[in-house]
Amino acid sequence: MSAVDELLARARSRLTRVDPARAAALQEAGGLLVDIRYALLRERDGTIPGALVVERNELEWRLDPTGAHRAPEATHHALPVVVICNEGYASSLAAVSLHDLGLHRATDLVGGFQAWRAAGLPVER
């Protein structure tokens, strides 16, 4: 197994990952979906209605509820957060980083945006 595969496995062992239906239900219940895909992918494939778009390099600063640069949506450490990348790999590492900031309910979407779209859930162009 490669080093990055081991890193990913360790990250995922810390998460309770969710499928698209569960992610949609969490959003409906007040949880925050966070799209970390880069602009080209969002332009190509669309976005999830209501998801907060935060590119990966800004994620920790925008989601830290105690930070000066936080997004208005980052209100408290108990906020349910589902991180979404394109296919569900980078989002696992990002969600663990949010855990390390104290966002203990952060997780990621299995299969990423592509799984969301394949499940027939809403996408905005």
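A search of the whole structure, a predicted model, finds seven salt bridges. The exercises below start with some of them.

**Exercise 1. Trace the salt bridges made by D45, and find which residues join into one network.**

Step 1. Start with the principle. Side chains of opposite charge can pair when their charged atoms come close.

Step 2. Take R44. R44 forms a salt bridge with D45, with the closest N and O atoms 2.8 Å apart.

Step 3. Look for another partner of D45. The side chain of D45 also meets that of R117 in a salt bridge, at 3.4 Å from N to O. This pair links distant parts of the chain: D45 sits in helix α3 (residues 39-45), R117 in helix α6 (residues 112-118), and they are 72 residues apart.

Step 4. Join the pairs. Through shared partners, R44, D45 and R117 form one network.

**Exercise 2. Decide whether D45 and R117 are buried or partly exposed.**

Step 1. Recall the cut-off: buried means under 20% relative accessible area.

Step 2. Apply it to D45. Its relative accessibility is 4%, so D45 counts as buried.

Step 3. Turn to R117. Its value is 32%, so R117 counts as partly exposed.

Step 4. Compare with another salt bridge. D35 pairs with R37, the closest N and O atoms being 2.7 Å apart. Both D35 and R37 are buried.

**Exercise 3. Describe the surroundings of N86.**

Step 1. Locate the residue. N86 lies in the loop between β3 (81-84) and α5 (90-100).

Step 2. Check its exposure. The relative accessible area is 16%, so N86 is buried.

Step 3. Find a polar partner. The side chain of N86 makes a polar contact with the side chain of Q114, at 2.9 Å.

Step 4. List the contacts, leaving aside neighbours within four places in sequence. N86 touches R37, L41, R44, D45, G111, G112, F113 and Q114. R44 and D45 belong to the network of Exercise 1.

**Exercise 4. Work out how far α5 is enclosed, and what covers its buried residues.**

Step 1. Count. Eight of the eleven residues of α5 are buried, so the helix is largely enclosed by the rest of the structure.

Step 2. Name them. The buried residues are S91, S92, A94, A95, V96, S97, L98 and H99.

Step 3. Identify the cover. It includes α1, α4 (59-63), β3 and β4 (106-108).

Step 4. Zoom in on one residue. S92 is in helix α5, and its relative accessibility is 0%, so it counts as buried. Leaving aside neighbours within four places in sequence, S92 is in contact with L8, A11, R12, L15, R17 and D108.

Step 5. Look past the end. G102 follows α5 and has a positive phi, near 105 degrees.

**Exercise 5. Find which residues make a nonpolar surface patch.**

Step 1. Name the members. V4, L7 and L93 make a patch of about 230 Å².

Step 2. Place one of them. L7 is in helix α1 (residues 3-13).

Step 3. Check its exposure. L7 has a relative accessible area of 37%, so it is partly exposed.

**Exercise 6. Summarise the overall fold of the chain.**

Step 1. Count the elements. The chain has six helices and four strands.

Step 2. Read their order. Along the sequence the pattern is α-α-β-α-β-α-β-α-β-α.

Step 3. Test the compactness. The radius of gyration is 13 Å, close to the 14 Å that the globule rule gives for 125 residues, so the chain is as compact as a globular protein of that length.

Step 4. Add the burial. Buried residues make up 44% of the 125 residues.

Terms used:
Residues numbered from 1 in each chain as written. Predicted model: local features only at pLDDT ≥ 70, side-chain atom pairs only at ≥ 80, totals over all residues. Heavy atoms only, no water. Patch = residues over 30% accessible without salt bridge, like charges linked within 9 Å, V, L, I, M, F, W, Y side chains within 5 Å. Areas by Shrake-Rupley, 256 points an atom, 1.4 Å probe, with all protein chains shown as cover. Salt bridge = Lys/Arg side-chain N within 4 Å of Asp/Glu carboxyl O. Helix = DSSP H or I, 4+ residues; strand = E, 2+ residues; numbered from the N terminus. Buried < 20%, exposed > 50% of the residue type's maximum accessible area, 1.4 Å probe, protein only. Polar contact = N/O pair within 3.5 Å; in protein donor to acceptor, adjacent residues only side chain to side chain. Contact = heavy atoms within 4.5 Å. Rg over C-alpha atoms; globule rule 2.2 N^0.38 Å.
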